[in-house]
Amino acid sequence: MTNIAFQMRDQFKVNKNQEQIRLAWLGPVRMMVIAFIAFGYASTMPRGPENAEYFNMFGYDPSWYGIQIIFMMSGFLALRSLQRHGSALKFLLSRALRNLPTLAVFTGLVILVLFPLFGMPAANGETRIDQHIQYLIKVLTCVNPSELTPGLLDNALYMCVVQGGIWTFRWGMVAFIATAALWLVGGLRDRRILALLTLGFVMLYAAIVVYGVQNPIATSSAPSSTSHDQMLKYSLLGLRLGWVYLLGMCMYAFKDSLSRSLAIPFGFLTLAGVQFIFLPWTPFIEICAELGLGYLAFLAMTSQRALPTSLARLPDLSLGLYIYNWPAAQITLLVMPSLTPYPLFAISFPVTVFLSIITWFLVSRKINLSLARRLYPQHVAPQSA
């Protein structure tokens with residue numbers, strides 16, 4: 001009986017702490033981060049991939065920082081979700097049902113709208129049915145969501161690329177499956193183990209980066225010459241996104257112990273700046289900068305300040321903004337090829353917002369409400385789960 005009483009008390013404390021975490025600012029913060037990603041993309045799109053994005057900081061593009069912050073947020077929400085309902089299966093189903101319908105709408109627009117309007121006719125009267133089927137399967141299964149689209153945007157500086165940041169969905173799928181597996185074996189229930197795992201990922205990422213610099217390999221987006229180089233490239237990319245995803249989990253696990261002082265994130269950013277100025281190069285420039293920006297995002301999205309009414313009424317359009325910002329900019333530039341970066345963003349981003357609102361209203365809203373009622377019947381909060 002005593003053990004049962006202690007278990008009930010501990011469970012009550014867990015539930016109480018969970019109730020205190022109202023992520024009212026999550027949607028606005030996440031949408032702002034994605035807007036920075038979209039601006040970074042638009043800033044280089046008219047100039048080509050060999051040019052750095054505007055507001056490049058410490059040698060890294062803002063879109064990369066933004067993508068890593070999105071993965072950090074995903075890790076935070078993943079552990080939050082698992083600790084609320086405790087089911088790895090529910091976790092995987094909820095992620096799939098939240099993401100795949102919007103991704104299906106996107107692929108449908110590419111095949112049924114963009115190709116007929118802007119695509120080049122297939123040679124010798126052939127059809128693109130096989131190409132479209134392969135494209136649909138590869139994107140929706142996240143096996144290769146960055147599949148190129150020959151015949152569409154053939155003359156763009158980013159040739160045949162209409163997906164943009166959707167390539168990260170593959171790594172998101174890997175992260176979610178690994179998260180579910182770790183939860184089942186108990187690897188995420190002890191925050192000390194989680195902290196050690198995160199530190200291990202950080203150090204392994206830094207070591208592989210140093211190795212890649214000292215032994216030049218194809219760690220860029222160019223095809224690798226050997227299977228060894230290919231494996232190293234994917235390991236580098238996986239660790240680069242993986243450590244920030246684990247960082248987000250740590251932030252949730254240690255949320256009650258983390259200081260809310262702005263001195264911490266600005267201290268990390270200052271450390272990154274000092275390394276950038278005085279050292280030839282070190283992978284800890286990026287790591288420190290990401291720790292600083294990620295901590296700022298954590299402080300913002302967990303803020304307990306009242307959300308302004310104008311923002312409270314705004315739906316969380318994050319997924320749509322993330323998916324549509326690149327194709328909206330690519331097609332805008334195709335129609336108006338003389339646009340420079342700032343006008344391109346000013347025209348294409350409102351289009352992105354419009355498409356995101358339509359998709360949210362027709363697809364995401366009902367799915368999120370249904371998932372919230374099934375997973376968390378005691379409190380319906382579909383946009384922050």
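**Exercise 1. Determine the pattern of secondary structure along the chain of this predicted model.**

Solution. Read along the sequence, the elements of the predicted model follow the pattern α-α-α-α-α-α-α-α-α-α-α-α-α. The count is 13 helices and zero strands. Of the 385 residues, 49% are buried. Among contacts between residues at least 6 apart in sequence, 77% join residues at least 24 apart.

**Exercise 2. Check whether the span of helix H10 agrees with its number of residues.**

Solution. Step 1: H10 comprises residues 284-301, which is 18 residues. Step 2: at 1.5 Å a residue, with one less than the number of residues as the multiplier, the expected span is 26 Å. Step 3: the end C-alpha atoms lie 25 Å apart, which agrees with the expected value. As for its surroundings, 15 of the 18 residues of H10 are buried, so that the helix is mostly covered.

**Exercise 3. Classify the arrangement of helices H3 and H10 and describe their contact.**

Solution. Step 1: the axes of H3 (residues 62-85) and H10 come within 10 Å and cross at roughly 55°. Step 2: this angle makes H3 oblique to H10. Step 3: the crossing is right-handed. Step 4: the residues of H3 in the contact include Trp-64, Met-72 and Phe-76, and those of H10 include Glu-286, Leu-293 and Phe-298. By class, the contact has eleven nonpolar, two polar and two charged residues.

**Exercise 4. Classify the arrangement of helices H2 and H12 in the same manner.**

Solution. Step 1: the axes of H2 (residues 26-44) and H12 (residues 318-335) come within 9 Å and cross at roughly 5°. Step 2: angles under 35 degrees count as roughly parallel, and H2 and H12 are therefore roughly parallel to each other. Step 3: H2 contributes residues including Arg-30, Ile-34 and Tyr-41, while H12 contributes, among them, Leu-321, Asn-325 and Trp-326. The residues of this contact divide into eight nonpolar, three polar and one charged.

**Exercise 5. For Phe-55 and Cys-142, state the sign of phi, and decide whether each residue is buried or exposed.**

Solution. Step 1: most residues other than glycine have a negative phi. Step 2: Phe-55, which is not a glycine, has a positive phi of about 60°. Cys-142 also has a positive phi, near 65°. Step 3: Phe-55 is found in the loop between H2 and H3, and Cys-142 in the loop between H5 (129-140) and H6 (168-184). Step 4: with a relative accessible area of 61%, Phe-55 is exposed, because exposed means over 50%. Cys-142, at 6% relative accessibility, counts as buried, because buried means under 20%.

Terms used
Residues numbered from 1 in each chain as written. Predicted model: local features only at pLDDT ≥ 70, side-chain atom pairs only at ≥ 80, totals over all residues. Heavy atoms only, no water. Helix = DSSP H or I, 4+ residues; strand = E, 2+ residues; numbered from the N terminus. Buried < 20%, exposed > 50% of the residue type's maximum accessible area, 1.4 Å probe, protein only. Axes fitted to C-alpha atoms, helices over the stretch in contact; angles between N-to-C directions. Parallel < 35°, antiparallel > 145°, perpendicular 65-115°, else oblique. Left-handed = near helix turned anticlockwise from the far one by under 90°. Contact = heavy atoms within 4.5 Å. Nonpolar A, V, L, I, M, F, W, Y, C, P; charged D, E, K, R; others polar.
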